[in-house]
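I opened my notebook to get to know a new structure. Here is what I looked up, entry by entry.

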2 protein chains.
Amino acid sequence: MGEKVTIYDIAKKLNITAATVSRALNNNPKIKASTRELVIETAAKMNYKPNKLALALKSGKSNNVGVIVPRIDSNFFGSTIRGIEEVLYPHGYHVIICQTHEEEKLEIENINTLLNAQVDGILMSISNAEIDKDHIINRVLKKNVPLIFFDRKKNIDGVSTVTINDFEAGYKVTKHLIDQGCKRIAHLSGDKSMEIYKDRCLGYKQALLDNGFEFDKNYIIQTKSKVEEGRKAVKKLLKMKNPPDAIFSASDFVALGAIQELKSKGIKIPEEFCVAGFSNEPFTRFMELSITSVDQFPLEMGKMAAKVFLEQVKDSGKVKIEKKVVLTPKLHIRKSTLRKNNA
Amino acid sequence: MGEKVTIYDIAKKLNITAATVSRALNNNPKIKASTRELVIETAAKMNYKPNKLALALKSGKSNNVGVIVPRIDSNFFGSTIRGIEEVLYPHGYHVIICQTHEEEKLEIENINTLLNAQVDGILMSISNAEIDKDHIINRVLKKNVPLIFFDRKKNIDGVSTVTINDFEAGYKVTKHLIDQGCKRIAHLSGDKSMEIYKDRCLGYKQALLDNGFEFDKNYIIQTKSKVEEGRKAVKKLLKMKNPPDAIFSASDFVALGAIQELKSKGIKIPEEFCVAGFSNEPFTRFMELSITSVDQFPLEMGKMAAKVFLEQVKDSGKVKIEKKVVLTPKLHIRKSTLRKNNA
DNA sequence: TAGATTTGTGTAATCGATTACATTAATTTA
DNA sequence: TAAATTAATGTAATCGATTACACAAATCTA
């Protein structure tokens, strides 16, 4: 019933002490071969399994790492978590998932409860880079718990980061639109308090400037990552005196909404208007009018974050390392921006 | 630096024992009010946080639950996990994620490591219902660890399940296709070793029979949930002497592939051919030719599974309960099957 | 005012492992 | 063959909490 076999049960059965059992099971060379074998055999027979909690308490290592993301039911975060898990599982780590729903309060609460649960590391996508989180971050660092930001980072000493080059991505998309002959390129940005959106926007600006385009700040509209926001934005843009003929959206969902709205107005894509998104959501390639988008390699990003964590664990105690890994984004050019005469 | 504050540190500072500190922090009424306040105050000042591992070891409750799914980077499982997390987090539970990639070996390994980690419960989507898993399942049950299957279940005594009525879903879709005037309805099924696919197929059959259609087993093609498989299946079906004029696919991805192939052959959807999918993946409603599909309410399913777990924990020790929760699927009728003359 | 209660804390065992430090028995050395 | 090694195992502390039991001081009872 209870079926809780401990080393003491094995010890009792064999008339030896728990210490000997422990040593035998850990292949301590001081133990006589015959004893070792007997113990191992008996342990197997009794279906003994070590209690990870006891080990964790004793060693101070829980073999759990916390992963904090805004949400997991999105392709991007789901894939990063998959990558993290794939790398860490073979090393004996378990992944504890926490969602913040972009809420500041939950973010801090999550870190706290993860620390109390004695996780061996925290991998997170921080939501708002402007709000001061130094206090809680310091708690993590003081405890010497490796902390790694992925995708949504904030520059903090001692914190490693794994990101893609959002600036480059923004630049590439914009340059591509320019190459397709677009003259007035608008940008549907995201929450500017996040570095990723800031950087994408900066890349956009730089590409414009480098190519002799003038930058009009009215062409930048802040949106939340929702289809409806794309429709709204297009309505607004089309009312302008000098409406754009292309959109670089920092979100695939917003790009989708934009496309829907443009189509409903009878505007032809990509002939009259080009639209590019961001994140390479599955639907962007499934659509009949497939959508040009940026691949952020979420799986790779997750794997990389996990690897950085493993390195930090290995080297802990030695020099404090701080890695900044930047992945190169890949632009998938699809129908929504590909004009045939240019192909 | 180390910043590890324990109740002993607090005790030392106040010249009392750890027992008193523990009691004060736990609002034990035997403790003098003044002492309690002093302790609580000092604990806050020293930034004391209880060590969850120690608590877990003592109490035998880790406050962790394991969730085992084939993968997390899918809309369906991502959403169920989100639901689980949302319900359990407020109750102080953490969710440990494990992926099986449909591999038998990993499934068993995951259960084992979760048990060794002393999880308080396991919620899982079992991959293959035909392979005998009694041994490992028994280990869970013997340990009195609540076990709940969601979506992909297997009928086992003592195991609660939360599923949707896949039979009904299959029936509804097929009936809908019949109502739209389709005469020869094919079914693209999934791995028949899973109950969900078996049931969807049974619902399909029953609907055919109930409506005076004859059932042709050549109209059933087994597929894996991939776009390419849908294309292949359609190629095969169209080569038949008496090709179908509708497809009920047990997967949205397969349905998508089918649609792509049909279109490439110049077949008009839904006028000449209707296609319905399953799972209500986001892309099904985003497509220009939106795809009829079945909503499995993954978020609700996750929440429900978590609630069943909570009930079992509460009632543990009392009668052993075994809940079978069946959610009703919802058919979203979209362009891919909606013939205007029928609307 | 002696005995019974109550109040507030301390002592020590416990959860299940690991491990530094004995300790005993066996073997080697001189 | 006595002393020195070595081999194999036992004893007990430890990780950080909780809690049954013990106990002294304060308060109540008759």
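Before starting, I settled one term: contact means heavy atoms within 4.5 Å. I also kept in mind that this is a predicted model.

**Entry 1: one residue in chain B.** I looked up Asn112(B) and found it in helix H6 of chain B, residues 104–116. Is Asn112(B) buried or exposed? Its relative accessible area is 19%, and buried means under 20%, so Asn112(B) counts as buried. Next I asked what Asn112(B) is in contact with, leaving aside neighbours within four places in sequence. I found Ile136(B) and Arg139(B), along with Lys49(A) from chain A.

**Entry 2: around the DNA.** I then turned to DNA strand C and found 25 residues surrounding it. The closest are Ser22(A), Tyr48(A), Thr20(B), Thr35(B) and Lys58(B). Of the strand's atoms that come within 4 Å of the protein, 62% belong to sugar and phosphate. By class, I noted eight charged, seven polar and 10 nonpolar residues on the surface near DNA strand C.

**Entry 3: which helices?** Chain A brings helices H1 (7–14), H2 (18–25) and H4 (52–59), and chain B brings H2 (18–25) and H4 (52–59); each supplies at least two residues of the surface near DNA strand C.

**Entry 4: polar atoms.** I checked Thr20(B) and saw a polar side-chain atom 2.5 Å from a phosphate oxygen of DNA strand C. For Thr35(B), a side-chain N or O atom is likewise 2.5 Å from a phosphate oxygen of the strand. Lys58(B) has a polar side-chain atom 3.5 Å from a base oxygen of DNA strand C.

**Entry 5: domains.** For chain A, I noted the assignment of domain 1 (7–50), domain 2 (63–163 + 298–327) and domain 3 (166–296 + 332–342). The C-alpha centres of domains 1 and 3 of chain A lie 65 Å apart.

Key
Residues are numbered from 1 along each chain as its sequence is written. Chains are lettered from A and ligands numbered from 1 in the order in which they are written. This is a predicted model: local features need pLDDT of at least 70, side-chain atom pairs count only at pLDDT 80 or more; totals for chains, interfaces and linings use all residues. Side-chain values use heavy atoms; hydrogens and water are left out. A residue is near a molecule or strand if one of its heavy atoms lies within 4 Å of it. A polar contact is a pair of N or O atoms within 3.5 Å; within protein, one must be able to donate a hydrogen and the other to accept it, and residues adjacent in sequence count only if both atoms are side-chain atoms. Helices (H or I, at least four residues) and strands (E, at least two) are DSSP runs, numbered from the N terminus. Ala, Val, Leu, Ile, Met, Phe, Trp, Tyr, Cys and Pro count as nonpolar, Asp, Glu, Lys and Arg as charged, and the others, Gly among them, as polar. Domain bounds come from an automatic or database domain assignment. Buried means under 20% relative accessible area, exposed over 50%, partly exposed in between (1.4 Å probe, protein chains only).
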